[in-house]
Structures are given as C-alpha cells and as structure tokens.
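Me: I have a protein model open on my screen and would like to learn how to read it. Could you take me through it step by step?

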Amino acid sequence: MNERSHDGERIADVDDGDAIADVVEEAAEDAAPGAPLVVEPHDPADPAVARLVERARLLHDPWARLSPDAPISGDHVLNPDWHGDETPPPPREAAVLIALAANAAGELGVILTERASHLSAHAGQVALPGGKIEKGETPTMAALREAEEEVELPPGAVEPLGIFEAYLTRTNYIVVPVLALVRERVTLRPHPGEVSEVFLAPWSRVMDAAYRHERSYELEGRRRRFYETMVGDKSVWGVTAGIFKVVSERLYGP
C-alpha cells in the first residue's frame, strides 16, 4: 500500500498498485496565481455539449428547491460509521456552481478555485465556487451569488441547466451542486480574501472514472476514505471529487 503526505496527514491508496495515470492532460493554468482568467462560451456546434444539455433535462429544476425526500449522496457513502452512535445536528445548507466554459483552444472545462492559504478552514484546497444558502435563496441563487463574490462571474453570463441531488459532507453541510453553462466571454478575478487562484479543469478529465482514485487517511483516530483526481499538479479531492463522481454518474452513467 503506497503512502504519501496530504495536509500533514498520511494518505494511503486503498488498492495496492493503484496509481494516477502517468500521462496527465495539460491543466488549464491560463493564469498565474491571483491573476485574472479569461474564459469563453462553449462552441454551440460541439456535440459533447449538446449531449450534456440533453441529459441535463433529466435533472431537477435549476430554480427550485429539492424536495425533502430527494435522495442524498455524500461522504457517508464511503464512511458510513463516521459519526458512530452520535446523532449529528441538522445539516447546514450550501450550494456550489459547476460552471462550464471553454479555454482559448475551445476545450470545455469547469471553473475551479484554489482557496486562499490564510483561511481557517480548507486552506489551499481546490473547490467549486459556492457557499451557504441564505434565507430566501434557492440553491441556484446562492451558487450564482457566491461565484460572483469569489471570482466575479456575472450571474447574467451564466445559464443554469439543473441541480443534482444534495451531497452531505463529513462536516455536516448538505451541498446542492448546480450545473450551468457560461454563455459569454468573461474575465474571472479571484477575490483575494477567499481565493488564491481560479482556473479551468478539463471537463473530460474530472468526469472520467479512470482518473478518479479512492484514497484514505487517518483523521481523529479514524480512517477516512475519499476520492481524488489529479489535474496537472493540482489535487481535486474530498467533497469536490465526490461531487464530480455523482455528477459523472448522473450525466454519463456509472
């Protein structure tokens, strides 16, 4: 079992011999840390986007709330005994934006951020734009607001396509992923108080199960299992990788 370090913890591959592919697609590092990033609308003639839009019709209404009895995915699927016999408090509601845009070469990617290093929680981690759902907001309203605050993505430049089932995190957030397309050329600028970098990750890579690996590490005396996808030298792991797994299975099948 191979081990390495991640944020001060020892991480081990779950399966012996499991390794990230040697040939890694070029990450869309179109900007230096903290620099603006220009993204383009997708090519309307791209058949992959046309298929994605068609499949998105099966998702929940992008402007609605999920019904209380809607299925829930999350960290508990890999870690069913995380809370033991304790009953966790009611989860806090949040939403993230899965905004798809193209780079200068026309390749479809998803907008990701690297959280600022000075933050008290999840510093330096790769994440989707998003945050807490405020009173009176739908998940899509919250995701668009947070994306504008974090990277200056104008809500009017985005077309929401649908929302996925909620994702329950170990830290007791219930996160609703919102799928959307960027419909015009925009310049993204990371908020220095929250984000150190904004970049495009290749959509084909984060959706491909071949690049998604199950990992584990010790936390609070327990072994936590999670998913990870490498995009160039960036690790997309934990909740973000778990959400991408759910999205991939809903749009393209397991």
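Reply: Happy to! Let's begin with the elements: helices and strands are DSSP runs, numbered from the N terminus. Keep in mind that this is a predicted model.

Me: How many helices and strands does the protein have?

Reply: The secondary structure comes to 5 helices and 16 strands. Loops lie between such elements; for instance, asparagine 172 sits in the loop between β10 (166-168) and β11.

Me: What about the phi of asparagine 172?

Reply: Here is the general idea: most residues other than glycine have a negative phi. Asparagine 172 is not a glycine, yet its phi is positive, about 75 degrees. Glutamate 152, also not a glycine, has a positive phi of about 60 degrees. You will find glutamate 152 in the loop between α3 (139-151) and β9 (158-163).

Me: Is asparagine 172 buried or exposed?

Reply: Buried means under 20% relative accessible area, exposed means over 50%, and partly exposed is in between. Asparagine 172 counts as buried because its relative accessibility is 11%. Glutamate 152 is at 43%, so it counts as partly exposed.

Me: Which residue could show me the exposed class?

Reply: Try proline 44: its relative accessible area is 72%, so it is exposed. Proline 44 belongs to the loop between β3 (37-39) and α1 (47-56). For another partly exposed case, look at glycine 193, with 30% relative accessibility, in the loop between β12 (186-188) and β13.

Me: How much of the whole protein counts as buried?

Reply: Of its 254 residues, 49% count as buried. The accessible surface comes to about 12,400 Å², and 51% of that belongs to carbon and sulfur atoms.

Me: Where do the buried nonpolar side chains go?

Reply: In soluble globular proteins, nonpolar side chains tend to be buried together. In this model, the largest nonpolar core has 31 residues, and Ile98, Leu100, Val110, Leu112, Leu179, Trp203 and Phe244 have the most contacts inside it. Elements that each supply at least two residues of this core include β5 (92-102), β6 (108-115) and α4 (203-207). The largest share, 5 residues, comes from α5. There is also a second, separate core of 27 residues, which includes Ile133, Val151, Leu153 and Val198.

Me: What does phenylalanine 244 touch?

Reply: Leaving out residues up to four places away in sequence, phenylalanine 244 touches Ile98, Val110, Leu112, Leu128, Trp203, Val206, Met207, Arg212 and Val236.

Me: How far apart in sequence and in space can two residues be? Let's take proline 44 and arginine 183.

Reply: Proline 44 and arginine 183 are 139 residues apart in sequence, while their C-alpha atoms are 9.8 Å apart in space. Now select glycine 193 and arginine 115: they are 78 residues apart along the chain, and 9.2 Å separates their C-alpha atoms. For the protein as a whole, take the contacts with a separation of 6 or more: residues 24 or more positions apart account for 72% of them.

Me: My last topic is pockets. What is the volume of the second largest pocket, and which residues are closest to its centre?

Reply: The second largest pocket has a volume of about 290 Å³. It is lined by 14 residues, and those closest to the centre are Leu66, Ser67, Glu93, Ala166 and Ile174. Sorted by class, the lining has 11 nonpolar, 1 polar and 2 charged residues.

Terms used:
Residues are numbered from 1 along each chain as its sequence is written. This is a predicted model: local features need pLDDT of at least 70, side-chain atom pairs count only at pLDDT 80 or more; totals for chains, interfaces and linings use all residues. Side-chain values use heavy atoms; hydrogens and water are left out. On a 1 Å grid over the protein atoms alone, a cavity is a set of points where a 1.4 Å probe fits but cannot get out, and a pocket is an open set with protein on both sides within 12 Å along at least five of seven lines; lining residues have an atom within 4 Å of a point. Grid points are joined across faces, edges and corners, and a volume is the space filled by probe spheres set on the points. Ala, Val, Leu, Ile, Met, Phe, Trp, Tyr, Cys and Pro count as nonpolar, Asp, Glu, Lys and Arg as charged, and the others, Gly among them, as polar. Helices (H or I, at least four residues) and strands (E, at least two) are DSSP runs, numbered from the N terminus. Buried means under 20% relative accessible area, exposed over 50%, partly exposed in between (1.4 Å probe, protein chains only). Contact means heavy atoms within 4.5 Å. Accessible areas come from the Shrake-Rupley method with a 1.4 Å probe; for residues, only the protein chains shown count as cover. A nonpolar core is a set of buried Ala, Val, Leu, Ile, Met, Phe, Trp, Tyr and Cys residues joined through side-chain atoms within 4.5 Å.
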